[in-house]
Amino acid sequence: PAQGQITPGELIMKLLKLLAVFSLLSLLAACGSTPRSDYYMLSAETQGTPGREGPSIGVGPVTVPDYLKRKEMVLNRSPNKLELADYHRWAETLDAGVLRVTAINLAALLETQQVQTFPWRRASFPDYGVSIAVVQFSMKDTAALLVAEWTLTRPKSGELISQQISELSSQARGSEPEDVAAAYSALLEQLAEKIASVVRQDS
């Protein structure tokens with residue numbers, strides 16, 4: 001080739017380098033535009049100040065279905081279809097949130113400061129222990145549903161006091177992820193009220 005003229009091979013190399021640069025810039029732009037994740041928590045809805053005269057309560061273990069064992073919120077679009085909200089996540093695992101909120105709600109409802117979570121301390125078995133197995137936690141449109149099997153026992157003696165399956169519903173303000181967290185929290189308050197009612201009858 002004449003002096004200063006680019007050969008076909010050199011042209012191909014330049015094009016490949018430009019393509020690599022453009023690919024890298026596109027990748028960086030995509031990473032920079034990824035939406036940030038928002039995090040949500042369940043909240044204790046029961047009002048009141050725990051007292052000192054109530055029974056001691058142990059909460060746990062709490063289990064949830066496998067499909068809920070994830071950070072992303074799981075939204076129900078139909079009876080057989082679920083949607084993962086990729087950028088709307090729980091700040092803690094759902095079973096941990098259920099345990100935490102239930103313990104706080106029961107402390108207020110039963111006016112006790114003597115609350116512990118499973119496993120129990122060997123030197124201090126609670127008067128009552130409640131285990132919870134969440135069967136269904138779902139929300140379609142603005143209708144939220146909780147189905148939970150719960151067992152109330154006297155841990156020290158192993159006596160079974162009550163074993164029930166509760167199906168509870170709540171109407172949410174909307175269908176946004178924040179509304180889901182609020183609706184689930186309201187359902188857990190209903191569940192705690194049912195458990196506390198049985199404890200009061202037995203006390």
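**Entry 1: Glu111**

I looked up Glu111 in this predicted model and found it exposed, with a relative accessible area of 52%. The cut-off for exposed is over 50%, so Glu111 counts as exposed. Glu111 sits in the loop between α2 and β5, just after α2. I noted its phi because it is positive, about 50 degrees, although Glu111 is not a glycine. Most residues other than glycine have a negative phi.

**Entry 2: Asp141**

I then checked Asp141, which also has a positive phi without being a glycine; the value is near 60 degrees. Asp141 is in the loop between β6 and β7. Its relative accessibility is 56%, so I entered Asp141 as exposed.

**Entry 3: cis peptide bonds**

I went through the peptide bonds next. Most peptide bonds are trans. The bond from Gly60 to Pro61 is cis, with omega near -5 degrees. Pro61 belongs to strand β2. The bond from Phe118 to Pro119 is cis as well, with omega near 0 degrees. Pro119 lies in the loop between β5 and β6.

**Entry 4: strand β2**

Having met β2 through Pro61, I looked at the strand itself. β2 covers residues 57-63, and 5 of its 7 residues are buried. Which strands does β2 pair with? I found β5 (residues 115-117), paired in the parallel sense over 3 bridges. I also found β6 (residues 128-140), again in the parallel sense, over 5 bridges. Val59 has a bridge partner in each: Thr117 in β5 and Val130 in β6.

**Entry 5: helix α2**

I measured nothing here; the figures are computed from the model. Helix α2 runs over residues 94-109, and its 16 residues reach 22 Å from the first C-alpha to the last. That is close to the 22 Å expected at 1.5 Å a residue. Is α2 enclosed or open to the outside? I count it as largely enclosed by the rest of the structure, because 12 of its 16 residues are buried. Among them are Leu94, Val98, Leu99, Val101, Leu106 and Leu109, and the list also includes Thr102 and Asn105. The cover over these buried residues includes β2, β4 (81-90), β5, β6 and α3 (177-202).

**Entry 6: the nonpolar core**

I looked up the largest nonpolar core and found 45 residues in it. Ile132, Phe137, Leu146, Tyr184 and Leu191 have the most contacts inside it. At least two residues each come from β2, β3 (72-78), β4, α2, β6, β7 (143-154) and α3. Helix α3 gives the most, with 12 residues.

I followed Tyr184 further. Leaving aside residues up to four places away in sequence, Tyr184 touches Leu42, Val74, Trp90, Phe137, Ser138, Met139 and Ala144.

**Entry 7: aromatic pairs**

How many aromatic pairs does the structure hold? I found 3. In the pair of Trp90 and Tyr184 the ring centres are 6.2 Å apart and the planes stand at 20 degrees, so I entered the pair as stacked. Trp90 is in strand β4 and Tyr184 in helix α3, so this pair ties together parts that are 94 residues apart in sequence. Both Trp90 and Tyr184 are buried. The pair of Phe118 and Trp120 is edge-to-face, because the planes are at 90 degrees, with the centres 5.2 Å apart. Phe118 counts as partly exposed, at 42% relative accessibility, whereas Trp120 counts as buried, at 18%. I also noted that Trp90, Phe137 and Tyr184 form one aromatic cluster.

**Entry 8: Ser157**

I looked for Ser157 and found it in the loop between β7 and β8 (159-171). At 58% relative accessibility, Ser157 counts as exposed. Its C-alpha lies 9.6 Å from that of Asp127, and the two residues are 30 apart along the chain.

**Entry 9: the whole chain**

I finished with the totals. The protein chain has 3 helices and 8 strands, in the order α-β-β-β-β-α-β-β-β-β-α from the N terminus on. Of its 203 residues, 37% count as buried. Taking contacts between residues at least 6 apart in sequence, 67% join residues at least 24 apart. The accessible surface comes to about 12100 Å², and 53% of it belongs to carbon and sulfur atoms.

Technical notes
Residues are numbered from 1 along each chain as its sequence is written. This is a predicted model: local features need pLDDT of at least 70, side-chain atom pairs count only at pLDDT 80 or more; totals for chains, interfaces and linings use all residues. Side-chain values use heavy atoms; hydrogens and water are left out. Buried means under 20% relative accessible area, exposed over 50%, partly exposed in between (1.4 Å probe, protein chains only). Helices (H or I, at least four residues) and strands (E, at least two) are DSSP runs, numbered from the N terminus. Two strands pair if DSSP finds at least two bridges between them. The expected span of a helix is 1.5 Å times one less than its number of residues. Contact means heavy atoms within 4.5 Å. A nonpolar core is a set of buried Ala, Val, Leu, Ile, Met, Phe, Trp, Tyr and Cys residues joined through side-chain atoms within 4.5 Å. Accessible areas come from the Shrake-Rupley method with a 1.4 Å probe; for residues, only the protein chains shown count as cover. Rings of Phe, Tyr and Trp (its six-membered ring) pair if their centres lie within 6.5 Å; planes under 30 degrees apart count as stacked, over 60 as edge-to-face and the rest as tilted.
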